Every structure is written in C-alpha cells, then in structure tokens.
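This report describes a single protein chain, beginning with one residue at its surface and moving on to the fold, the pocket and the charged pairs.

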Amino acid sequence: MKGLRGERLGGEFQKEIANIISLKMRSEFSRLSAIISVTSVDVAPDLKTAKVYISIYDTDKERAEDSFEILRQNSGIIRHELSKIMHLRTVPELRIIKDASMEYGEKIDKILSELDKDEK
C-alpha cells in the first residue's frame, strides 16, 4: 500500500517532470512530439525508484515512438533536473513507462461507435 508521503511525492514529481519535459527537453530535442503528458508517477515506498507513466499523442506513430525513446534514454537528465528542484536526500531512479490508456480508450470508443452504427 502506498503511503501518503508517496502519493504527495508522486504528485509533485508528476508536475515537475512535466515542466522539465516541456521546457528543458523540448529545447534540447526538437524532434519531440507536440503533446506529451505525464499521466502519473508511482514512487516506491523506499523512494529508490519511481515509475513515470507518459502518454504521447501524435498523428505520426513513428515520431511518437521516437519521442518515447528520447525520454526513456534521457531519464537521467530528467532525474538530474528534478534533483535541482526537489529538496530530497536522494531523487529516485526514474523508469519511463508508456501509458497506453488513451489509445485503449480510443479503441473502445471506435468499437462502441461501430456497434451503434450497426444497431441503426
């Protein structure tokens, strides 16, 4: 069970990582997709690791995959920038994970709309 401190830190990490991506990472990597959102951050109880769930929306699937790889490969840079902002003894190792819930939601919406058309 995640404690209250872990939830608060997760929320703060989510906000700060989103800022780092939108400001610092975009200036260094112009190939990043236009819409990148940090959907959630799960901090381990021992504060050693944090799972960062990223959702990328782009009409070009290849560009979206490239953007995810750029973020995953540069998680150390994000962690370093996070350490400048957050006043913690240690900043957890970041594990970037693709959040496919939006794609899944679009797929379900598409199926439901097709079923609705078939009934009419």
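In this predicted model, leucine 115 has a relative accessibility of 45% and therefore counts as partly exposed. Leucine 115 has its place in helix H4, which covers residues 101-119. Together with Tyr104, Ile108, Ile111 and Leu112, Leu115 makes a nonpolar surface patch of about 470 Å².

**Overall fold**

The protein contains 4 helices and 3 strands, and read from the N terminus its elements follow the order α-β-β-α-α-β-α. Along the principal axes, the C-alpha atoms fill a box of roughly 60 × 40 × 15 Å. The chain has 120 residues, of which 33% count as buried. Among the contacts with a separation of 6 or more, 64% are between residues 24 or more positions apart. The protein exposes about 8,100 Å², and carbon and sulfur atoms supply 51% of that area.

**The largest pocket**

The largest pocket has a volume of about 260 Å³. Its lining is made up of 15 residues, and those closest to the centre are Ile56, Tyr57, Lys61, Ala64 and Glu103. Strand S2 (49-57), helix H2 (61-73) and helix H4 each contribute at least two residues to this lining. Helix H4 thus appears in two settings, as one of the elements that supply the pocket lining and as the place of leucine 115, a residue of the nonpolar patch.

**Charged pairs**

The count of salt bridges in the model comes to 7; three of them are set out below, each with the distance between N and O atoms.

| Basic residue | Acidic residue | N to O distance |
|---|---|---|
| Lysine 24 | Glutamate 28 | 2.7 Å |
| Arginine 63 | Aspartate 58 | 3.2 Å |
| Arginine 95 | Glutamate 93 | 4.0 Å |

Lysine 24 and glutamate 28 both belong to helix H1 (residues 4-28), where they lie 4 residues apart, about one turn of the helix. Lysine 24 is partly exposed because its relative accessible area is 30%, and glutamate 28, at 39% relative accessibility, likewise counts as partly exposed.

In the bridge between aspartate 58 and arginine 63, the two partners fall into separate classes of exposure. Aspartate 58 has a relative accessible area of 14% and is therefore buried, whereas arginine 63, at 35% relative accessibility, counts as partly exposed.

For the bridge between arginine 95 and glutamate 93, arginine 95 is partly exposed, with a relative accessible area of 42%, and glutamate 93 is also partly exposed, with a value of 38%.

**A buried glutamate**

Which residues does glutamate 81 contact, leaving aside its neighbours within four places in sequence? With those neighbours set aside, glutamate 81 is in contact with Ile20 and Lys24. Glutamate 81 itself lies in helix H3 (residues 75-85), and since its relative accessibility is 14%, glutamate 81 counts as buried. Lysine 24, one of these contacts, is also the residue that forms the salt bridge with glutamate 28, and lysine 24 has its place in helix H1.

How values were computed
Residues numbered from 1 in each chain as written. Predicted model: local features only at pLDDT ≥ 70, side-chain atom pairs only at ≥ 80, totals over all residues. Heavy atoms only, no water. Buried < 20%, exposed > 50% of the residue type's maximum accessible area, 1.4 Å probe, protein only. Contact = heavy atoms within 4.5 Å. Patch = residues over 30% accessible without salt bridge, like charges linked within 9 Å, V, L, I, M, F, W, Y side chains within 5 Å. Areas by Shrake-Rupley, 256 points an atom, 1.4 Å probe, with all protein chains shown as cover. Salt bridge = Lys/Arg side-chain N within 4 Å of Asp/Glu carboxyl O. 1 Å grid on protein atoms, 1.4 Å probe; cavity = no way out; pocket = protein on both sides within 12 Å on 5 of 7 lines; lining within 4 Å. Points joined across faces, edges and corners; volume = space filled by probe spheres on them.
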